[in-house]
Amino acid sequence: MKGMDRIIRGWSFKAVLEYCEGRGTKQDVADGRLIGGNMACSAVSELVREFTSVRRIRPDIEKATWHNSLRLPPGDRLEDDRWCEIVADYMQRMGFGPAHPYCIWAHDDESAVHIVACRIAADGSLYLGKNENLASTRHIQELERRFGLQITKGPEYQHPDALPHTLKPKGPQVARLKKAEIELAIQSGSVPPKLRLQKLIDEAIVDGLDVVSFAEQLEAEGVIVRANLASTGVLNGFAFELDGVMLKGSSLGKRYSWQGLQGRGVTYEQDRDCQALERYSAAARGPAGHEGDAGEVGKSGQPVPDLGADAEHLGTAVSGLEPQPSAPSHRSWIVDGASFASNYPVGRAGEGTGGAPDADGAIVGAGGFGAASGDAGFERDEGSGSDREFGGTVGSSRPSVGSKAIDVQQALSRDHAYKVDAWRRQAAALGAPTYRITLVGRVGRAQGRAINLGKGRSAQQAEKFFDPAAVEALIPHLRHRNAAGFDIYVTPIDDQHHFMVIDDMKPGASGLLSRLGYAPCLVQTSSTRNEQAVLKTTKTHRFDEQSLANCLVQEINKAHGDEKFSGVIHPFRMAGFSNKKPGRSNAFTRIIEAVPRLCKKAGERLAQLRDAADALADQLRRKRIQLLSDKAMTDAVRTADARRQAREGRAVSSAAAFHEAAAAVRQSASDFGWKVDESRVDFQASMVMFADGWTESETMEGLMSSSPALSGRHLDTGAYALRTVQRARKEFEERASKASTHPAPKLK
């Protein structure tokens with residue numbers, strides 16, 4: 001019998017109960033049946049209310065939902081009553097009491113039950129469940145024996161009789177090779193250092209051997225031994241280096257940890273061996289990733305690329321990573337317990353380069369061991385001694401390197417060099433002075449996250465943009481982020497040029513663009529079915545420049561790219577990094593064409609749009625002048641008193657007058673094809689009211705009475721009405737003064 005890989009805690013009882021009842025979006029599966037538990041209700045809605053009533057006892061607990069399943073091996077079946085008996089025993093062993101509500105769901109198409117419980121008990125106590133996944137596995141093994149179920153293989157523990165919350169699974173006695181190490185061995189044609197070290201240590205150990213003799217025997221075989229010797233003389237373990245690869249003893253397996261070596265007969269007496277062993281200590285050997293003092297590493301066991309002073313601009317810390325101590329002239333990495341030293345210098349961001357291995361010890365990024373593609377990187381030309389770039393396709397075999405071994409250090413340098421070269425080509429083609437760097441999470445824990453590396457921690461901090469050199473300095477960090485599931489995007493920031501993206505083009509569409517006269521500065525592909533092109537044009541500083549550029553981008557994309565594409569300021573993929581969108585097979589963004597140039601045709605079309613906008617603006621301006629001609633305004637000023645007297649004789653209310661004026665303004669806007677803006681209508685109608693001789697207070701009264709949905713458009717209607725009327729009065733007086741040789745009348 002097995003439980004879930006990881007017990008789930010959450011917020012919503014409704015979601016998990018609906019899942020158990022119908023199993024979410026799964027098709028052609030049997031509905032769930034409530035078969036037991038200690039709750040009074042049976043319907044999902046009633047169960048939710050019952051769970052919620054208990055949850056309210058402890059509002060400080062956010063994740064009150066607890067969900068696990070118990071699953072039998074294929075072919076085994078149990079009756080519902082038997083399941084309920086097993087689950088009751090299981091919940092008691094896990095630490096749930098009678099006051100913790102829980103229910104049991106079964107599905108007829110599988111030999112499993114789902115358990116949904118509340119961590120909060122009716123008496124207010126809380127189930128903590130420390131180390132509950134290991135404890136659950138152990139309890140399931142005990143239940144198999146008690147209830148006579150088929151015994152399934154489970155983990156072994158270092159101390160089987162320990163309390164559940166102190167359980168620790170046994171590690172492998174002899175560590176197996178990781179994928180990266182196997183691939184490296186295949187390419188190099190040599191036995192992996194890990195296997196050779198294990199064999200040499202096994203041959204060196206004899207019962208009663210002291211640590212100094214043990215170290216001397218290994219040194220005679222070409223192994224560099226580093227003892228983790230404390231200043232007090234206490235020996236904490238060993239690290240071993242062979243062919244430039246440093247491995248902690250425990251990373252070779254439990255048999256090779258200090259505790260394992262002692263169990264196999266290696267002895268250490270402090271008074272006898274301490275002084276002689278000091279020559280093998282880290283202080284004597286220099287810094288390295290020795291056991292017990294391997295430097296600070298993150299949660300994933302990986303070191304952090306040194307980002308130096310630029311780290312504060314990254315917007316968010318590198319998750320699970322911390323710096324790895326190293327000598328001034330090189331950077332050390334620990335991969336699956338092995339330490340590797342790179343040849344390139346380190347220091348501040350931009351001075352050092354480097355890549356980060358992934359969680360399995362494989363080198364991340366294009367062309368690295370363990371990558372999804374072999375299409376990126378550099379190989380050594382054995383004949384000439386020079387580096388040459390090679391290409392390939394997703395899934396293609398990696399290049400042959402003859403008899404020369406490629407170590408992990410070379411793989412890291414090669415992948416980094418490929419990404420640097422891709423970025424330099426991309427940046428040279430674009431020619432922007434600065435860039436915005438954006439990360440978008442696609443898979444795993446990164447999914448749904450968006451990070452702007454230049455965004456400050458507060459709204460008051462200005463956004464930081466990165467020049468091409470600063471972007472290049474960020475490549476080690478971006479490699480790590482890409483491997484963690486983030487897509488990497490760049491947005492050129494340039495006051496002098498537009499960068500118009502044509503997205504989601506079909507393969508070969510860039511050739512059609514060229515035949516139509518468009519000359520992109522950059523064409524790249526991010527999958528087998530997708531190409532992007534970037535057109536660079538000159539930018540002016542008109543107030544409507546961006547709107548016109550948006551129109552052109554939409555026009556070109558509707559004809560050749562993404563019909564939904566809408567903006568000229570838009571990010572696109574950084575070359576050299578993999579596409580993390582589901583279904584894109586981690587394809588790398590590769591440059592098809594990169595030429596630093598302006599697109600003449602796009603510039604000419606943008607100029608046409610500017611001319612058309614100018615012509616339309618001039619036409620509207622002429623119509624406005626006609627509406628507010630000098631003669632019309634002079635007549636309005638000179639007859640203001642007469643109109644006022646006529647208004648008073650008709651006894652028309654200010655509300656009715658404002659309503660009539662606003663209707664006239666809307667009609668004029670409709671005649672000229674203008675967009676009706678009610679705030680603008682209020683302003684123009686107020687000017688008409690002043691022209692008709694109404695006072696400021698009367699105009700304000702009319703606006704507040706007649707303007708539609710005023711309270712919905714403005715929180716403080718009084719302040720808005722006063723501000724609008726005062727602006728209209730000022731504008732009216734200024735126009736009246738210009739239109740007449742006589743002073744405009746002072747309004748009451």
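This note goes through two sheets, three single residues and the ring contacts of a predicted model.

1. Basis of the values. The model is predicted, so that local features are taken only at pLDDT of at least 70 and side-chain atom pairs only at pLDDT 80 or more, while totals for chains, interfaces and linings use all residues. Residues are numbered from 1 along each chain as its sequence is written, and side-chain values use heavy atoms, with hydrogens and water left out.

2. The sheet that contains β16. Four strands, taken as DSSP runs of E with at least two residues and numbered from the N terminus, as are helices (H or I, at least four residues), form an open sheet in the order β17-β16-β18-β22 with antiparallel pairing, where two strands pair if DSSP finds at least two bridges between them. The edges are held by β17 (450–452) and β22 (572–573), each of which has a single partner strand, so one side of each is left without a neighbour in the sheet. Between β16 (residues 434–441) and β17 there are 3 bridges in the antiparallel sense, and V440 stands opposite A450 of β17.

3. The helix across this sheet. Helix α13 (residues 475–483) lies across β16, β17 and β18 (486–493), and runs at about 135° to β18; the axes behind such angles are lines fitted to C-alpha atoms, for helices over the stretch in contact, and the angles run from 0 to 180 degrees between N-to-C directions.

4. Surroundings of F486. This residue lies in strand β18, and F486 is buried, with a relative accessible area of 1% (buried means under 20% relative accessible area, exposed over 50% and partly exposed in between, with a 1.4 Å probe and protein chains only). Not counting residues up to four places away in sequence, F486 touches L439, V440, G441, A446, R449, I451, R481 and K580, where contact means heavy atoms within 4.5 Å. From L439, F486 is 47 residues away in sequence, but the two C-alpha atoms are 5.8 Å apart in space.

5. Charges over rings. Among the contacts of F486, R481 deserves a separate remark, since the charged end of R481 sits over the ring of F486 at 5.3 Å from its centre. The criterion asks for NZ of Lys or CZ of Arg within 6 Å of the ring centre and within 35 degrees of the ring normal. K419 likewise lies over the face of F577, at 5.3 Å from the ring centre.

6. The sheet that contains β20. An open sheet of 4 strands follows the order β19-β21-β20-β23, again with antiparallel pairing, and its edge strands, β19 (497–505) and β23 (590–594), each pair on one side only. Neighbouring strands of this sheet are turned by 20° against each other on average, direction ignored. Strand β20 (residues 522–527) is joined to β23 by 4 bridges, with L522 opposite A594 in β23, and helix α15 (residues 545–560) lies across β19 and β21 (530–538), running at about 25° to β19.

7. Aromatic pairs. The structure holds 10 aromatic pairs, counted where rings of Phe, Tyr and Trp (its six-membered ring) have centres within 6.5 Å, with planes under 30 degrees apart called stacked, over 60 edge-to-face and the rest tilted. The rings of W66 and F96 have centres 4.9 Å apart and planes at 65°, so this pair is edge-to-face; W66 belongs to strand β4 (residues 65–71) and F96 to the loop between α3 and β5 (102–107), 30 residues apart. F96 also forms a stacked pair with Y127, at 4.0 Å centre to centre and 20° between the planes. With F96 in the loop between α3 and β5 and Y127 in the loop between β6 (112–118) and α4, the pair ties together parts that are 31 residues apart in sequence. W66 is buried at 0%, F96 is buried at 7% and Y127 is buried at 4%. Elsewhere, ring pairs link F214, F238, F240 and W258 into a cluster.

8. Two helix residues. S136, in helix α4 (residues 132–146), is buried at 4% relative accessibility, and its contacts, leaving aside neighbours within four places in sequence, are I7, N68, Y90 and M94. R82, in helix α3 (residues 80–94), counts as partly exposed at 32%, and R82 and F147 are 65 residues apart in sequence and 9.2 Å apart in space, C-alpha to C-alpha.
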